[in-house]
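Please look through the sequence and the structure below before reading on. The report then takes up a sheet in one chain and a helix and a loop in the other.

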Amino acid sequence: MYEGAIQDLIDELGRLPGIGPKSAQRLAFHVLSADPIDVRRLAASLVKVKEVVKFCTICFNVAEDDKCRICRDPRRSDEILCVVEEPKDVVAIERTNEFRGRYHVLGGAINPLEGVGPDNLRVRELMQRLADGEVKELILATDPNTEGEATATYIALLVKPMGITVSRLASGLPVGGDLEYADEITLGRAFEGRRTI
Amino acid sequence: MAYVPGMRRPLQRDDAVVLRVQKLGESDRIITLLTRRHGRIRAVARGVRKMTSRYGARLEPFGHVDVQWALGSGLHTISQVEGLALLGKHFVEDYPRYTAACAIMETAERLTSEEDQPALRLFLLTLGALRALADGEHAGTLVLDAYLLRAMAHEGWAPALAECAVCATPGRHRAFSVAAGGCVCPNCRPPGAAHPHPLTIDLMIALLGGDWKTADAAEPAQRRECSGLVAAHLQWHMERALRSLPLVDRGERT
Ligand SMILES: [Zn+2]
Ligand SMILES: [Zn+2]
């Protein structure tokens, strides 16, 4: 245990996901020895991100406005909607240049062991978006792991009776992986080869 | 065996069920395993979330795996893994069964409160329940309730069903009290005891004893009542409520 400000910083860093006590300590001492200007810039961007960045009211992607850049773009198709877990998955798919429709960000995957059920995700909002009948195809691009697959199965169960084509990204994405780590080529191919479920 | 810094880390090998998978850092995972001979262990799997990992698919939840790990002072580290039966693929395409499997995993984890303590009976029960769930021969909720009843029996706090939970008078008693520990006779019945349908108690006895012929024939109303009593009895004995139990999809979608 350290005293005062340095221990406070270690404690705060240690609350971040994926940061253990040792990493928190390492990061805290890195900050301590860093240039004051760099530290000020880091602190400012931490504060700014909470003040400026909001969630798009339509697709729940990150946005600096009511609507995100993709929802505002008139050239994109409203007939095809891609469902992802997190905003970082939107970025990964956008990099492929394969997709010209719109997105819906669930905010995670169904994970009963962590207490996350359908009601904790933006599933109800998805169903509301689909209700007007404009969307013709729904692509389920949740992670190719157990929680992602189960989430896709659950949404397909709800959506299929509505007469919407539901497809899942093609295999080639290894099971157990994170979508964000797929390279553009693999992810692009998975898009092209998506299969109706 | 404790890990002594500076020494080559000793390796252990066992077969195990993957109970829980959590993200760690950029591309690692913490895997919680219920092993046959070493009880519940937690180990780091390095790089499994990278798309190039060959191990990722084998360390998904619900898998029965043959695993080798290096002992660490805190977390262990997985060094090799082979799939024996990757049961998860049976569940992800059947949402109600997926949620039942999650409740089985969480129960197994909670009943092994201490790591590295052998729990062979619970391992066998858990593996058996997952296999039955994957087979699909019986309804998922029945497999789950049978597992919960047997796991409770193994812990020594199964509900009394064929005698009074308080005075042990044998016989079929109509009242059921979670606080008293199961069925109670008219003399011992506390205020607020439930009065389940006699067939519901029959179903619970069948599930506990492995009488699937009786269990499979049970009506939906009895299955529902049975699930409610089993869940209430389980929660009463757990320090904290199970997170996955309220999320079990019992197929009552409208
Ligand atoms: Zn948007
Ligand atoms: Zn009595």
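What follows describes parts of chain A and then parts of chain B.

This is a predicted model, in which local features need pLDDT of at least 70, side-chain atom pairs count only at pLDDT 80 or more, and totals for chains, interfaces and linings use all residues. Residues are numbered from 1 along each chain as its sequence is written, while chains are lettered from A and ligands numbered from 1 in the order in which they are written.

**The sheet of chain A**

Helices (H or I, at least four residues) and strands (E, at least two) are DSSP runs, numbered from the N terminus, and two strands pair if DSSP finds at least two bridges between them. In chain A, five strands form an open sheet with mixed pairing, in the order 4-3-5-6-7. Strand 4 and strand 7 (195–196) of chain A stand at the edges with a single partner strand each, so one side of each is left without a neighbour in the sheet.

Strand 3 of chain A is joined to two strands, as the table shows.

| Strand joined to strand 3 (residues 80–84) of chain A | Bridges and direction | Residues opposite each other |
|---|---|---|
| Strand 4 of chain A | Four bridges, parallel | A:Leu81 and A:Arg102 |
| Strand 5 (residues 137–140) of chain A | Four bridges, parallel | A:Cys82 and A:Ile139 |

In a regular strand the side chains alternate between the two faces of the sheet. In strand 4 (residues 102–105) of chain A, A:Arg102 and A:His104 point one way and A:Tyr103 and A:Val105 the other way, and all are buried (20 or more other C-beta atoms, placed from the backbone, within 10 Å of the residue's own; 12 or fewer count as exposed, and in between as partly exposed).

**Helix 5 and a loop of chain B**

Helix 5 (residues 198–209) of chain B has 12 residues and reaches 17 Å from its first C-alpha to its last, close to the 16 Å expected at 1.5 Å a residue, where the expected span is 1.5 Å times one less than the number of residues. Among the buried residues of helix 5 of chain B are B:Thr200, B:Leu203 and B:Leu207. After helix 5 of chain B comes B:Gly210, whose phi is positive, near 75°.

Where is B:Leu59 found? B:Leu59 lies in the loop between strand 3 (39–45) and strand 4 (63–70) of chain B, and B:Leu59 is buried, with 25 other C-beta atoms within 10 Å. Although B:Leu59 and B:Ile31 are 28 residues apart in sequence, they are 7.4 Å apart in space, C-alpha to C-alpha.
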